[in-house]
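Colleague: Hey, can you walk me through this model? I'd like to go strand by strand and then look at a few residues.

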Amino acid sequence: DRRQRQMCIRDRDKREQTWQNEKSEIMNSINEDNAEYKGKCGAYTNWYYKNNTLVIKGKGSVIEDWKDYLRENNITLDIRTIALDDNITEMYPGTFMYSNVETVYWSNGMEEITREAFFGCKKLKEIYLPSSIKKIGNSAFMGCENIEKIENSEQLEKIGDFAFALCKQLKEITVSNNCLLYTSPSPRDTR
């Protein structure tokens, strides 16, 4: 039993390192000089887009200003991958709702995935959470009907109302005994 736990910890650490390496590679590959589109998305945050990838760099909060820029300039982005700088501490609710995002590399500085952050993102299949995430807000992943697995979720302290409602493919999420769950109805109740 103890040996099996140690193996699980090693596997989780290895997965975390792989995730961190992938994120670093993305963060370093897209910048102000080579981005197809770019702009501000907070007082101290900037966004850069290239090849279906959105990178947000800086520190503090990400707000929806970047969406206003896109609307005003009649630009449509097909965002498949999102990478958030480790100094990003929060996102505006609904920031990525209804996008085509498939993969998210979270900030290690964030403690919460805000309400409706990824509402209706039907292409999102798997979520790997950094250990800094403690709370998932109301309806954060509602309607993400292809999510199958939430990895590294043991540190969660609270999951908000309807956080995973209408996630018809969700098969696995592990939470600690101390986690407050507000997920009525469950994903299976809404099939």
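Modeller: Sure. Let's start with a pair of residues: Gly39 has Trp47 in E2 as its bridge partner. Keep in mind that this is a predicted model.

Colleague: Okay, and what is the bridge partner of Gly42 in E2?

Modeller: That one is Thr45. Both pairs belong to the pairing of E1 with E2, which is antiparallel and has five bridges.

Colleague: How many residues sit between E1 and E2?

Modeller: Two, and the strands form a hairpin. E2 and E3 also form a hairpin, again with two residues between them. Have a look at Asn51 in that second turn: its phi is positive, at about 50 degrees.

Colleague: How many bridges join E2 to E3?

Modeller: Six, and the two strands run antiparallel. E2 covers residues 45-50, while E3 covers residues 53-58. If you want a pair to click on, Trp47 is bridged to Ile56 in E3.

Colleague: Then which residue in E5 does Ile56 stand opposite?

Modeller: Leu84. E5 spans residues 81-84, and this time the pairing with E3 is parallel, over four bridges.

Colleague: So what's the strand order in the whole sheet?

Modeller: The order is E1-E2-E3-E5-E7, five strands in an open sheet with mixed pairing. At the edges you find E1 (37-42) and E7 (103-105), each of which pairs on one side only.

Colleague: By how many degrees are neighbouring strands turned against each other?

Modeller: On average 15 degrees, ignoring direction. And here's something to keep in mind when you look at any regular strand: the side chains alternate between the two faces of the sheet.

Colleague: Nice. Moving on, which strands make up the open sheet of three?

Modeller: It goes E9-E11-E13, with parallel pairing. E9 and E13 (172-173) are the edge strands with a single partner each, so each has one side without a neighbour in the sheet.

Colleague: How many bridges are there between E9 and E11?

Modeller: Three, in the parallel sense. One pair to look for is Glu126, which stands opposite Lys149 in E11.

Colleague: Let's stay there. Is Glu151 buried or exposed?

Modeller: Buried: its relative accessible area is 15%, and anything under 20% counts as buried. Glu151 lies in E11, which runs over residues 149-151.

Colleague: Which residues does Glu151 touch?

Modeller: Leaving out residues up to four places away in sequence, Glu151 touches Arg15, Glu126, Ile127, Tyr128 and Leu129. Glu126, Ile127 and Tyr128 fall within E9, at 126-128.

Colleague: And where is Lys123?

Modeller: In the loop between E8 (112-113) and E9 (126-128). Lys123 counts as partly exposed because its relative accessibility is 37%, and that class runs between 20% and 50%.

Colleague: What is Lys123 in contact with?

Modeller: Arg80, Asn100, Val101 and Glu102, once you set aside neighbours within four places in sequence. There's also a distance you can check on screen: the C-alpha atoms of Lys123 and Glu145 are 7.9 Å apart, although 22 residues separate them along the chain.

Colleague: Last topic, pockets. What volume does the largest pocket have?

Modeller: About 260 Å³. The idea behind finding such a space is simple: rolling a probe the size of a water molecule over the atoms shows where empty space is left.

Colleague: Which residues lie nearest the centre of the largest pocket?

Modeller: Trp66, Lys67, Leu70, Leu77 and Ile79, out of 15 that line the pocket.

Colleague: And how does the lining split by class?

Modeller: Eight of the lining residues are nonpolar, four are polar and three are charged.

Methods: Residues are numbered from 1 along each chain as its sequence is written. This is a predicted model: local features need pLDDT of at least 70, side-chain atom pairs count only at pLDDT 80 or more; totals for chains, interfaces and linings use all residues. Side-chain values use heavy atoms; hydrogens and water are left out. Two strands pair if DSSP finds at least two bridges between them. Axes are lines fitted to C-alpha atoms, for helices over the stretch in contact, and angles run from 0 to 180 degrees between N-to-C directions. Buried means under 20% relative accessible area, exposed over 50%, partly exposed in between (1.4 Å probe, protein chains only). Contact means heavy atoms within 4.5 Å. On a 1 Å grid over the protein atoms alone, a cavity is a set of points where a 1.4 Å probe fits but cannot get out, and a pocket is an open set with protein on both sides within 12 Å along at least five of seven lines; lining residues have an atom within 4 Å of a point. Grid points are joined across faces, edges and corners, and a volume is the space filled by probe spheres set on the points. Ala, Val, Leu, Ile, Met, Phe, Trp, Tyr, Cys and Pro count as nonpolar, Asp, Glu, Lys and Arg as charged, and the others, Gly among them, as polar.
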